[in-house]
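Open the model in your viewer and keep the selection box handy. We will walk through it stop by stop.

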Amino acid sequence: MEIFHPFLLILAGLLGSLAQEDLERKVFIFPESSDTSHVVLKATSQQPLTSFTICLRSYTDMTRAHTLFSYATKTSDNEIVVFKSKTNEYSLYVGTADVIFFFPEKLVSEPSWEQICMSWESDTGLVEFWLDGQPFPRNGMMKGHVISPEASIVLGQDQDTFGGGFDINQSFVGELTDVYMWDRVLSGDEMCLVWDNHVPSNPIINWRSLNYVMRGYTVLKPYVFSNCRAE
């Protein structure tokens, strides 16, 4: 007969259980503004990062600033942050710097899915931003920087401390899906593969085999496809 220590049972309940599953055609839903609701991710690599690519799809009708992806270390709460400050503006933070990418306002006011990829490499400091399969002019920052692998990785909140310090005014409200991270800069062809729902090799965060914990008011549901047609 197995005997479980009461302290370990309590600790497991507080931390939540780490799930690992294929989330293809599923979404994380963040139904309301919150300073508690988030999803914790675990990367498979434990090596320092000298480059990375992050890709995800989001769906929201928010107009205020919000955080999509936060990677905090013990020494830097903004080690990697994917942040949308306006409806036509994305920012990537790495270490102590950030770059901003602007794009034209959409002609229609209805919310729509957006697919983004952001990459950075230490050797050159170059940052790439792809929106819905289209690349933007490259910027640069933090040349020579190295990112620690000891990280707290969170969706839907900005970490002002390691694993916490959330601000309700920077929380995400909407739906997230197809979240991936690689420890390298994807090629242009690979970026196009991601846009077409294919997965380049060896992601360290893999939506098709995701290690995650949901906390607060977050919901996992199937992706909703609209087959409605106006007459």
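The tour starts with the whole chain and then moves to single strands and side chains.

This is a predicted model, in which local features need pLDDT of at least 70 and side-chain atom pairs count only at pLDDT 80 or more, while totals for chains, interfaces and linings use all residues. Residues are numbered from 1 along each chain as its sequence is written, and side-chain values use heavy atoms, with hydrogens and water left out.

**Whole chain**

Begin with a cartoon view: the chain has two helices and 16 strands. Helices (H or I, at least four residues) and strands (E, at least two) are DSSP runs, numbered from the N terminus. Of the 231 residues in the chain, 45% are buried; buried means under 20% relative accessible area, exposed over 50%, and partly exposed in between (1.4 Å probe, protein chains only). Now switch to contacts (heavy atoms within 4.5 Å). Among those between residues at least 6 apart in sequence, 70% join residues at least 24 apart.

**The nonpolar core**

Next, select Phe69, Leu92 and Met181. In the largest nonpolar core, which has 51 residues, these three touch the most other members. S14 gives the most to this core, namely five residues. Such a core is a set of buried Ala, Val, Leu, Ile, Met, Phe, Trp, Tyr and Cys residues joined through side-chain atoms within 4.5 Å. Stay on leucine 92 and show its neighbors: leaving aside residues up to four places away in sequence, it touches several residues, including Phe52, Val82, Val99 and Met141.

**Strand S7 and its partners**

Select residues 89-94, which make up strand S7. Is this strand enclosed or open? Five of its six residues are buried, so S7 is largely enclosed by the rest of the structure. S6 and S7 pair in the antiparallel sense over six bridges; two strands pair if DSSP finds at least two bridges between them. A hairpin with two residues joins S6 to S7. On the other side of the pairing list, S7 and S8 run antiparallel and are joined by six bridges. Their hairpin also has two residues between the strands, and glycine 95 in the turn has a positive phi of about 60 degrees. To see single bridge partners, pick lysine 84 with tyrosine 90 in S7, then glutamate 89 with phenylalanine 102 in S8.

**Salt bridges**

The structure holds five salt bridges, each a side-chain nitrogen of Lys or Arg within 4 Å of a carboxyl oxygen of Asp or Glu. Keep lysine 84 selected and add glutamate 114: the closest N and O atoms of this salt bridge are 2.9 Å apart. Lysine 84 lies in strand S6 and glutamate 114 in strand S9, 30 residues apart. Both residues are buried.

Now move to aspartate 178 and arginine 57, whose side chains meet in a salt bridge (2.9 Å, N to O). This pair links strand S14 to strand S4, across 121 residues of sequence. Aspartate 178 has a relative accessible area of 14%, and arginine 57 has 13%.

For another pair, select glutamate 190 and arginine 184, which meet at 3.0 Å, N to O. Glutamate 190 is buried at 18%, whereas arginine 184 is partly exposed at 24%.

**Last stop: glutamate 105**

Finish in the loop between strand S8 and S9, where glutamate 105 is found. Its side chain and that of threonine 87 are joined by a polar contact of 3.2 Å.

Technical notes. Polar contact = N/O pair within 3.5 Å; in protein donor to acceptor, adjacent residues only side chain to side chain.
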